[in-house]
Amino acid sequence: MSVTDPLADMLTRIRNASSARHDKVDIPSSRLKEAIAKILKDEGYIKNFKVIMDERKHGIVRIFLKYDANRRGIINLKRVSKPSRRVYVGRDESPSVLKGLGISILSTSKGILTDKEARRANVGGEVICYIW
């Protein structure tokens with residue numbers, strides 16, 4: 001089965017696993033998904049992630065989710081740029097989420113960056129998603 005929007009599929013899998021209180025979620029691997037998982041780990045939204053290669057050379061990104069003391073998910077995700085409607089921002093228009101409490105992830109010419117890193121690097125790009 002082919003997926004039209006693999007990034008939306010990744011975000012939906014994380015959202016569903018978090019609301020079902022699973023400890024981990026497996027996602028088909030790509031370099032873009034690995035970069036987003038690395039940002040999620042660096043920003044503290046997930047515990048960890050690892051890339052698992054299977055015998056057919058298809059990778060899986062296994063994401064270990066993080067919860068608060070009451071076992072509620074601490075991550076909220078929203079896909080912004082979609083295949084039907086791409087959203088781009090200039091170098092001085094990087095969106096902040098919830099006045100800086102969340103992050104936005106951008107695909108730039110310097111790689112996948114958060115909104116703060118993009119402002120520091122003085123680059124714009126495609127807004128992939130908001131996370132808070």
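What follows is a chat between a colleague and a modeller about the structure above.

Colleague: What kind of model is this?
Modeller: A predicted one, where local features need pLDDT of at least 70, side-chain atom pairs count only at pLDDT 80 or more, and totals for chains, interfaces and linings use all residues. Residues are numbered from 1 along each chain as its sequence is written, and side-chain values use heavy atoms, with hydrogens and water left out.

Colleague: How many helices and strands are there?
Modeller: The protein has 3 helices and 8 strands, in the order α-β-α-β-β-β-β-β-β-α-β along the sequence. Helices (H or I, at least four residues) and strands (E, at least two) are DSSP runs, numbered from the N terminus.

Colleague: And what is the radius of gyration?
Modeller: It is 15 Å, close to the 14 Å that the globule rule gives for 132 residues, so the protein is as compact as a globular protein of that length. The radius is taken over C-alpha atoms, and the rule is 2.2 Å times the number of residues to the power 0.38.

Colleague: Which residues have the most contacts inside the largest nonpolar core?
Modeller: Ile-14, Ile-36, Leu-40, Ile-63, Ile-105 and Ile-131, in a core of 26 residues. A nonpolar core is a set of buried Ala, Val, Leu, Ile, Met, Phe, Trp, Tyr and Cys residues joined through side-chain atoms within 4.5 Å. Buried means under 20% relative accessible area, exposed over 50%, partly exposed in between (1.4 Å probe, protein chains only).

Colleague: Which element gives the most to that core?
Modeller: H1, with 5 residues. Apart from this core lies another, of 5 residues, including Val-80 and Leu-106.

Colleague: What does Ile-14 touch?
Modeller: Leaving out residues up to four places away in sequence, Ile-14 touches Val-25, Ile-27, Leu-40, Ile-63, Leu-65, Ile-75 and Leu-77. Contact means heavy atoms within 4.5 Å.

Colleague: Changing topic, where is Leu-98 found?
Modeller: In the loop between E5 and E6. Leu-98 is not a glycine, yet has a positive phi of about 50°.

Colleague: Is Leu-101 buried or exposed?
Modeller: Exposed, because its relative accessible area is 71%. Leu-101 is in the loop between strand E5 (88-89) and strand E6 (103-108).

Colleague: Where is Asn-122 found?
Modeller: In the loop between helix H3 (115-121) and E8. Asn-122 also has a positive phi, about 60°, although it is not a glycine. Asn-122 counts as partly exposed because its relative accessibility is 45%.
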